[in-house]
Amino acid sequence: MTNDREKVFSRLKASLDRLPARTPYPDFPADVATPADRREGGLSVFRQRLAETSTRLFEDIASLGRWLGERNVLSGYCDPSLAAILRPAIPPSIRLSTNFDRQRPDDYQFGITRASAGIVETGSLVLKDRDTSDRLGAVAPWIHVACLDPGNLYATLADALTDLGDDPAVILVSGHSQTADVEGIMIHGVHGPGEQACLFMQAEKKTENGP
Amino acid sequence: MSRQALDIFASELDATVLQAIDIGARSGVEKRLATLTQDYEDPDALRRLAGQLRQHSLDHLDEYLAGAERRLEENGAQVHFAATTARALEIVLDIVRASGTRVVTKSKSMASEELDLSRELASRGFEPLETDLGEFVVQLDDDHPSHIVKPIIHKTRHDVARSFERSGLGDYNDDPETITRRARSFMRDKFLAAGVTITGANFVSAESGRVVVVTNEGNARFGQAGADVHIVLAGIEKVIPRDRDLALLLSLLIRSATGQRITSYVELIGGPRHPAQPSGPREMHVIFMDANRSDIVGSDMAPILRCIRCGACMNSCPVYRESSGHAYRGVYPGPMGAVLGPLLADEGFGKLADLARASTLCGACHDVCPVDIPIPDLIARLRERSVREKVKHANQGVPPMSVYSLVARHPRLWRLVMSLGHLMERLPLARLPIAAGRAWLDHRTLPRWRGGRFRRWLRRSEKGRADD
């Protein structure tokens, strides 16, 4: 292996030494590819962008609870730190598991986990490993609900990508899982969720910083 | 006359395959154009900028590759280098064996196609599973992808339905939604049973070590939620300098590939899972594969390594549309494949050197390239090389140019030929012993000879000016 490392670097060096000059790093702002009409941040634009990516938005816990009730789901996974907050709003007939049993992935019709931030430009939800209680809960069920503090928004993709921090896995989720592999026809829900939702949750923050 | 391999393949293609490819490629062109023109006043300026950024990355690859290695190791990942595809395969096999797993999930990775990874794993008793829907169908059919973004662009829903039926995935049903649900249901247990998951890398940031993987299906994400070990197989050219470069490169890659502004999932993986995270890889291995790339970076062919695998060049290529991806006989089809294929070929340049002829040099591939690769120039250089290295099959059917070359380099001779050119109209050209000329005349008629008129006009006009 070490041998291969040496081989690769010595070949690279020999090859690059042949170059008469090396192309300089171009000077450009990180958000150079943000379209002019997508530079505006803010919550109301974010709402529109979530709709563009077919991400269903719930402004409060009660509306999420009602929707789950209407969907006739029976059980789902929920981040343990969110269960106590959400439980009162979710119909009692729906079972909330705070542990994802990987032997029974089909038991969970929905998964509720935290999102770390949102990106206005692309209508994306940022899921960081440290804030996601279980990766499986966010990807395996048909419905994924990401709970987001709407105060945590990046205006542009560039803003988010230049602030990744040290989290080992940062995932930008922009809508549901989809494919157009068969004759270019768009189908939802290949391996990941067929329905992506976002719940605005300011409650915790309000409690902490309450008047 | 003897025809080139690509022409023979194209002439024998089924009409439904051609139609499927044409529809798929055209829709790709339209979606790309619509998003780029809607979003940017001057998309070309962005393409040039991204081209310079990628060229800078390649020109400093020694530095950035070492940087990526350092950061990944600091993040807790294990970094491996493979000088060849064979060595990359050995490394993958060692990791898979050490994990004790039999089931291996795989996301779409063109680098892995270079080692024919799924077949190699299967031949050693492992159960590799291609999880991208298109690649899964390719695997069921023991086929090869024919497009780097749309692997089954050559197949219809009927083909896919038959493949599923044959493979025991339900009765014949050609509804794309049913097909997708069946794939979903089949793969869920596999994602959870797999001890190892393999992905490629769209980019690797030297600054943070982050490996960027872009998908719409969420298969790479599920793979990394189910397995304990994550192997990333990346060509060394995938390294870019900094995280700040990603917004530009992702914006152009995704718009060029699918016409979206962003794909459903963009993963930025820096290392093994967070200690508090119950699911996902405890081990992350990144294999940087050279396989002839290091020789290309310092050569006049280096711009081809800027390629970010969007597939726009094949969508827009008239030759690709008429011949399909399989006609290119390698991992990489279309215009970028016509350049990269011969350069990366394990068996040497000669094996695929004829692909440089698979182009009309119309320039559409360069026009749509998000990283401004001058593909027609590179193709012309490869043609020159195949002549210089006397690669016979690469020049089959190409008219001998020595007579033209002689005439064009001697002005007097040129004038003489121009004045006698009308005699060509009396010659039985179709009977001349020049195969390429005969083939040309099979489909075309020579226009009336008009050579020499410009020189006469110029002489008269200069004389007129002197008289004034």
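The following conversation goes through several terms used for this predicted model and sets each one against its definition.

User: How do you know how far the model can be trusted, and how are its parts numbered?
Analyst: This is a predicted model, in which local features need pLDDT of at least 70 and side-chain atom pairs count only at pLDDT 80 or more, while totals for chains, interfaces and linings use all residues. Residues are numbered from 1 along each chain as its sequence is written, and chains are lettered from A and ligands numbered from 1 in the order in which they are written. The pLDDT is the predictor's confidence in each residue, from 0 to 100; its mean for chain B is 94, and 100% of the residues of chain B reach 70 or more. The model has an ipTM of 0.95 and a pTM of 0.93.

User: Why is Ser324(B) called buried or exposed?
Analyst: A residue is buried if 20 or more other C-beta atoms, placed from the backbone, lie within 10 Å of its own, exposed if 12 or fewer do, and partly exposed in between. Ser324(B) has 26 other C-beta atoms within 10 Å, and therefore it is buried. The residue is found in the loop between helix H15 (318-323) and helix H16 (334-344) of chain B, where helices are DSSP runs of H or I with at least four residues, strands are runs of E with at least two, and both are numbered from the N terminus.

User: What makes Arg329(B) partly exposed?
Analyst: Arg329(B) has 18 other C-beta atoms within 10 Å, so it counts as partly exposed. Arg329(B) also lies in the loop between H15 and H16 of chain B.

User: What is notable about phi in these two residues?
Analyst: Most residues other than glycine have a negative phi. Phi of Ser324(B), however, is positive and near 80°, and Arg329(B), although not a glycine, has a positive phi of about 55°.

User: Why is the packing of H2(B) and H12(B) called oblique?
Analyst: Angles run from 0 to 180 degrees between N-to-C directions, and the axes are lines fitted to C-alpha atoms, for helices over the stretch in contact. Helix H2 (residues 15-39) and helix H12 (residues 246-258) of chain B pack at about 140°, with axes 6 Å apart. Angles under 35 degrees count as roughly parallel, over 145 as roughly antiparallel, 65 to 115 as roughly perpendicular and the rest as oblique, which means that H2(B) is oblique to H12(B).

User: Which residues of H2(B) and H12(B) meet?
Analyst: Lys31(B), Arg32(B), Thr35(B) and Leu36(B) in H2(B) meet Arg255(B), Ser256(B) and Thr258(B) in H12(B), where contact requires C-beta atoms, placed from the backbone, within 7 Å.

User: How do you know that E9(A) pairs with a strand of chain B?
Analyst: Two strands pair if DSSP finds at least two bridges between them. E9(A) is joined to strand E9 (residues 265-269) of chain B by 5 bridges, and the two run antiparallel; Val170(A) stands opposite Leu268(B).

User: What makes E1 of chain B a mostly covered strand, and what is E1(B) joined to?
Analyst: In strand E1 (residues 78-82) of chain B, 4 of its 5 residues are buried. E1(B) is joined by 5 bridges to strand E10 (residues 283-289) of chain B, and the two run parallel, with Ala82(B) opposite Met289(B).

How values were computed. Contact = placed C-beta atoms within 7 Å.
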